[in-house]
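Q: Could you take a close look at the enclosed empty space in this one? I'd like to know what lines it, and how that sits beside the packing elsewhere.

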Amino acid sequence: MSDLEVPVLIVGGSLVGMSTALLLGHHGIRALAVEHHRGTAIHPRAALINQRTMEIFRSVGIERMVREKSGEQFDQDGAIMAVETLAGKELAWYIANLNEGVRDVSPCTRVFITQSVLEPLLQKRAAELGAELRFATDMISFEQDADGVTAVIRDRETGNTRTVRARYMVAADGSRSSIRERLGIRMLGRGVFSNSVTIYFRAPVAPLMRGRNLSVIMVVNPTLRGFFRIEKPYESGFLAVHTIGDPAHPETNVSTGLTDERCLEYVHAALGTEPGTDEVPVKIENVMHWQSTADIAERFREGRVFLAGDAAHVMPPYGGFGGNTGIHDADNIAWKLALVLKGIAGPGLLSTYESERRPASAFTVEQAYSRYVTRAASYLGTSGMQPLEDDLNIELGYCYGPGRAHENPRESKGRPGTRAPHVWLERDGERISTLDLFGHNFVLLAGPEGRAWLDSANAGVEMLRIGADGIADPENAFPGAYGITPSGAVLVRPDGFVAWRGESAQDLTAAFASLLCRETN
Ligand SMILES: Cc1cc2nc3c(=O)[nH]c(=O)nc-3n(C[C@H](O)[C@H](O)[C@H](O)COP(=O)(O)OP(=O)(O)OC[C@H]3O[C@@H](n4cnc5c(N)ncnc54)[C@H](O)[C@@H]3O)c2cc1C
């Protein structure tokens with residue numbers, strides 16, 4: 001007998017576990033998430049939240065709140081660039097303004113907000129949507145059988161243990177996932193290429209910013225290679241250091257034997273200021289040790305257990321993809337688990353989690369690695385390295401199904417497997433995005449001349465005509481953006497990806513049944 005019965009047990013309540021709980025709640029599934037730590041993240045870590053993640057946040061009603069909070073923490077729209085030192089020479093500008101040239105493709109913008117500020121917002125919304133979050137709780141063992149997973153959890157304060165019975169379990173337990181290990185799932189890839197540190201410091205660096213709006217500042221000089229992120233009002237931030245020493249023969253283990261004194265030297269070497277003087281007083285607050293890797297789990301699933309986030313893929317923090325990719329995993333698995341648990345879809349739907357997310361994640365891992373090599377570690381060499389893709393093609397252009405794992409989102413035009421494009425529409429006198437029509441059900445969007453589709457009743461599909469029936473398409477942009485004629489239609493999944501596109505209602509019923517892995521008579 002188990003003490004607790006839940007539909008889904010999530011192990012790990014950090015960025016990805018919390019997002020999974022939130023998204024399951026959004027789809028009507030009250031999950032239990034257990035987290036070893038006593039609360040949400042205390043270290044800033046991830047901060048670049050990309051457009052796709054903001055679109056997901058928009059669909060669960062927290063986009064505006066996240067944007068407001070991000071503005072309190074960082075000047076938005078900053079640059080990603082490289083310097084020899086913050087006070088000294090500028091070396092490269094990779095992105096001059098974080099949202100330049102991408103505002104047209106989404107109703108959302110990229111923002112900077114640290115995990116320590118974001119996670120409480122996710123936690124609040126997840127709880128509102130019915131998720132149960134237990135901090136200071138470890139999942140200490142589990143077994144699975146044909147019908148579910150039985151796990152033992154332990155309260156760290158009292159030492160009391162309880163047994164949880166869940167239909168499914170999501171392992172969002174981070175890069176050292178004990179669940180992944182226990183399942184015997186190997187990580188494949190490039191292995192460890194640096195023992196890095198993140199040095200959190202306080203220092204009045206506003207004068208060194210010289211009025212520049214900088215989101216990520218890479219530092220490349222003879223002492224170290226790494227990057228700064230500095231928060232408003234420019235009195236605190238962190239310096240991540242990956243390598244030190246001669247660029248031709250770098251020392252990649254920065255972590256072992258690191259002293260506070262050495263940390264001070266690194267921060268000064270990156271600021272371009274003199275240690276031991278009053279020029280810019282630096283106070284070290286904390287140091288975090290971590291390894292740079294670019295690896296992916298050989299499988300994302302074992303029976304009723306699904307790996308998500310860093311448990312499934314680990315990448316260097318170049319491009320700001322790690323946490324975002326984990327949230328995209330959560331977005332992919334949540335609606336599938338919900339439909340299977342509600343009996344609307346067959347269990348076969350769950351197999352598509354790995355077949356969709358693994359290639360998309362593998363591509364992203366390699367792109368993060370390519371950025372790491374070109375921006376911070378040229379000594380690793382470019383042999384076997386993927387050419388750099390545009391950031392947009394990674395964050396909004398990742399796609400599912402046979403063929404490419406990514407596409408330019410301006411060119412995908414409603415092709416099945418790609419993210420449904422953003423088009424501004426009007427409803428009840430208000431400007432809305434096509435994306436605002438998705439998020440809960442499958443939605444069939446028909447062109448303005450597609451009246452016949454509305455008669456083709458399909459249980460579980462919401463039918464909408466764009467450019468008619470109260471949804472105006474002022475620029476008549478919808479059919480072209482979605483690659484259909486004015487009488488065609490496109491079927492969009494609850495996660496905003498295009499499932500199917502066609503010109504005849506007759507094909508829809510069979511296509512829909514096959515998408516849900518349901519038996520048809
Ligand atoms: C310096 C730095 C900067 C970064 N910047 C960015 C960025 O700008 N954008 C971005 O997208 N990503 C960034 N990342 C990557 C991002 O931080 C990670 O990808 C993300 O935090 C992964 O989240 P997660 O929830 O999968 O794993 P984790 O954050 O590792 O969380 C796993 C959680 O599981 C818990 N846990 C583990 N085992 C158990 C158990 N048995 N029982 C209960 N709880 C358990 C742990 O306590 C932990 O809290 C950065 C990383 C670093 C190091």
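A: First, the term: on a 1 Å grid over the protein atoms alone, a cavity is a set of points where a 1.4 Å probe fits but cannot get out, and lining residues have an atom within 4 Å of a point. Grid points are joined across faces, edges and corners, and a volume is the space filled by probe spheres set on the points. Keep in mind that this is a predicted model, where local features need pLDDT of at least 70, side-chain atom pairs count only at pLDDT 80 or more, and totals for chains, interfaces and linings use all residues. Residues are numbered from 1 along each chain as its sequence is written, and side-chain values use heavy atoms, with hydrogens and water left out.

With that settled, there are two cavities of 30 Å³ or more, and the largest has a volume of about 70 Å³. Its lining is made up of Asn 50, Phe 321, Asn 324, Thr 325, His 328, Arg 357, Ala 360, Ser 361, Thr 364, Ile 394, Glu 395 and Tyr 398. Helices here (H or I, at least four residues) and strands (E, at least two) are DSSP runs, numbered from the N terminus. At least two lining residues come from each of α8, α9 (351-376) and α10 (391-395), with α9 giving the largest share, four residues. Sorted by class, you get four nonpolar, six polar and two charged residues; Ala, Val, Leu, Ile, Met, Phe, Trp, Tyr, Cys and Pro count as nonpolar, Asp, Glu, Lys and Arg as charged, and the others, Gly among them, as polar.

The second largest cavity comes in at about 60 Å³. Phe 74, Phe 112, Asn 213 and Lys 232 are among the residues lining that one, and β12 (214-220) and β13 (224-231) are the elements giving two or more. The class split for this lining is five nonpolar, two polar and three charged.

Now the packing. A nonpolar core is a set of buried Ala, Val, Leu, Ile, Met, Phe, Trp, Tyr and Cys residues joined through side-chain atoms within 4.5 Å, where buried means under 20% relative accessible area (1.4 Å probe, protein chains only). The largest such core has 86 residues, and Leu 9, Met 139 and Leu 337 have the most contacts inside it. Helix α8 (residues 322-341), which also helps line the largest cavity, supplies the largest share of this core, ten residues. A second, separate core has 32 residues, including Phe 193 and Tyr 318.

Notes:
Buried means under 20% relative accessible area, exposed over 50%, partly exposed in between (1.4 Å probe, protein chains only). On a 1 Å grid over the protein atoms alone, a cavity is a set of points where a 1.4 Å probe fits but cannot get out, and a pocket is an open set with protein on both sides within 12 Å along at least five of seven lines; lining residues have an atom within 4 Å of a point.
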